[in-house]
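Here is a short note for a colleague opening this structure for the first time. Please keep the viewer at hand while reading.

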Amino acid sequence: MDLNNYSLGLDFGSDSVRALLVNLSNGQELATSVHYYKRWKEGKYCNPSTNQFRQHPLDYMEGIEQTIRTVLTQVEDDVVQNIVGIGIDTTGSTPVAVNKQGTPLALLEGFEENPNAMFVLWKDHTAIKEAAEINELCKKWEIDYSKYEGGIYSSEWFWSKILHVSRADESVLGAAYSWVEHCDWVPFLLTGGNDVKEMKRSRCAAGHKALWHEEFGGLPSNDFFTALDPILDGLRDQMFTKTYTSDVSAGTLSTEWAERLGLSTNVEVAVGAFDAHMGAVGAQAEPYYLAKIMGTSTCDILVAPMEGKEKLVKGICGQVDGSVIPGMLGLEAGQSAFGDIYAWFERLLAWPIKELIGSSSLIDEKTKSKLISEAVEKILPELSKAAEKEPIGASGELALDWMNGRRTPDANQNLKGVIAGINLGSNSPKIFRALVEASCFGAKKIVDRFLSEGIPIKGVVALGGVAKKSPFIMQMMANVLNMPIKVVQSEQACALGASIFGAVAAGKFANVPEAVEKMGSDFETVYHPEASKVAAYEEVYKKYNALAEVMEPHIMKQAVK
């Protein structure tokens, strides 16, 4: 391998896209840049009260150009000239309707402002009804197409969203030739694709979210989709059969995008995948080590050797050969809300600050903005300090972490968050502690499910914003799981994983493990469980489970009404 080669990782998150430039010989991160989606930041095309979250493809396109251009200004020309590959990861499932050329409808005349013509973000839960119908049909059909996806299909996933949008918007239904995942569209875009049938579809996305499996010969049958709803008749034939792992090249940069980015048309673009799966690779994923990507939500990724008969694990987000490391089984779980819970509580407490300072006639606008910003930034750090001083279980406050539904175990997006045990002595730190405990207990439910299904967990690796920024939460997580947790050193583990795939797709490594050995991130710290606290958390965990057993049927009864 040429020691002077470099690769780029593009990591599309919920709020922003970031680019990372990495040295192939040692994993050194040379430069990075972040672009926050302009339209998303303005709240366009979203309605949180109805769980509608849509993103415009222009936000992604502008982000690609701005981040890569900015990265290239930070390095010398000889580095730029030796960039050999680009890897892409995105959130998912985040599909969009496209025409025959593979162009998202929102980029076509007449659809520019139509949310249904845009990417349906992973956390959009408008398709709860459709997910229930898919689950019902899977259980009745001669083949249970959901069996490799944990046995429960989610409203966060591909077909639920397609069916919901198709029913809700006749104009999109009529104009859509096919549907594609965000992680499939970006490589297609960068390589100048103009025929959606030639698009290389991600094994990761198709296997975990689209009911694809080799055993079925690809996607479920057309008869299945027609039975689900006749409006889907024929769509299967306009989709795909073959899928690709991310060590495969989707092609080289098109002339247009090479010029827009300031790169060579010789740069290979890897097939895309989901952020958590590539993050696990950046974190040096090993068999039976659980990689927790901890941000607004969590994704828990585990890889296992493909040995003997594949064991089906119920209630997770799928198990797919090659979705993380080619040749190994990738298993996915996660929580629909994690950091989002803390952000919600911060907004709740920040409201009076913003209103009181904002309405003051004694302060100029610039000072108001500064005071509000400084106050809000201190809320979570100060809460964490105060909550850490509270006893385990606080004063009886107890929460359930279902603010955005439940992803795993056993997906159910109808569920709502719960805060119980409040009394006149309850204060912000006590409630915040209950919320943090609930999010850690939700993580333990996932670990317990893997263990109960016979999947061993040898250790836990953590990456993402929460893992890097909150010792309070991470120490609690180690105590609740009663396992050491290693925190990845890289600030951009998902983008790092994407850059690794870019390097392999460019032919600079024989396989992903070889590239990980050179480029994977080290670990910066380890949180060890505190023996004196483990038992106390076990007692509160029992109360969490008891509350969940009571509240789930009650919430579901209300949802039916």
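**Notes on A291 and its surroundings**

1. Start at A291. Leaving aside residues up to four places away in sequence, A291 touches A280, C299, D300, I301 and V461. Bear in mind that this is a predicted model. A291 sits in strand β12, which covers residues 289-294. Is A291 buried or exposed? Its relative accessibility is 4%, and buried means under 20%, so A291 counts as buried.

2. One of those contacts spans a long stretch of chain. A291 and V461 are 170 residues apart in sequence. In space, their C-alpha atoms are 4.7 Å apart. V461 falls within β18, residues 459-463.

3. Now the sheet around β12. It is an open sheet of 7 strands with mixed pairing. The order is β14-β15-β13-β12-β18-β19-β20. Which strands form the edges? They are β14 (319-321) and β20 (523-527), and each pairs on one side only. Direction ignored, neighbouring strands of this sheet are turned by 25° against each other on average.

4. At the β20 end, look at the pairing with β19. Strand β19 covers residues 485-488 and runs antiparallel to β20, with 4 bridges joining them. Within this pair, I485 stands opposite Y527 of β20.

5. A helix crosses this sheet. Helix α11 (residues 275-282) lies across β12, β13, β15 and β18. Its angle to β13 is about 60°.

6. Next, the empty space. A probe the size of a water molecule, rolled over the atoms, shows where such space is left. How many cavities of 30 Å³ or more does the structure hold? There are 3. The largest has a volume of about 60 Å³. Its lining consists of A280, A283, Q284, A285, E286, Y289, L290, A291, V461 and F523. Thus A291 and V461 appear here again. Strand β12 gives the most to this lining, with 3 residues. By class, the lining has 8 nonpolar, 1 polar and 1 charged residues.

7. The second largest cavity holds about 50 Å³ of space. Among its lining residues are C204, T245, H277, M278, G322 and F501. This lining has 6 nonpolar and 5 polar residues, and no charged ones.

8. Move to the start of the chain. Strand β2 (residues 16-23) is mostly covered, with 8 of its 8 residues buried. In a regular strand, side chains alternate between the two faces of the sheet. In β2, S16, R18, L20 and V22 point one way. V17, A19, L21 and N23 point the other way.

9. What does β2 pair with? Strand β1 (residues 6-12) pairs with β2 in the antiparallel sense over 7 bridges. D11 has R18 of β2 as its bridge partner. A hairpin through 3 residues joins the two strands. Strand β3 (residues 29-36) also runs antiparallel to β2, again with 7 bridges. There, S16 stands opposite Y36. The hairpin of β2 and β3 has 5 residues between the strands, and G27 in it takes a positive phi near 75°.

10. Last, helix α5, residues 158-168. Why is α5 called largely enclosed? Because 9 of its 11 residues are buried, α5 is largely enclosed by the rest of the structure. The buried residues include F158, W159, K161 and H164.

How values were computed
Residues are numbered from 1 along each chain as its sequence is written. This is a predicted model: local features need pLDDT of at least 70, side-chain atom pairs count only at pLDDT 80 or more; totals for chains, interfaces and linings use all residues. Side-chain values use heavy atoms; hydrogens and water are left out. Buried means under 20% relative accessible area, exposed over 50%, partly exposed in between (1.4 Å probe, protein chains only). Two strands pair if DSSP finds at least two bridges between them. Contact means heavy atoms within 4.5 Å. On a 1 Å grid over the protein atoms alone, a cavity is a set of points where a 1.4 Å probe fits but cannot get out, and a pocket is an open set with protein on both sides within 12 Å along at least five of seven lines; lining residues have an atom within 4 Å of a point. Grid points are joined across faces, edges and corners, and a volume is the space filled by probe spheres set on the points. Ala, Val, Leu, Ile, Met, Phe, Trp, Tyr, Cys and Pro count as nonpolar, Asp, Glu, Lys and Arg as charged, and the others, Gly among them, as polar. Axes are lines fitted to C-alpha atoms, for helices over the stretch in contact, and angles run from 0 to 180 degrees between N-to-C directions.
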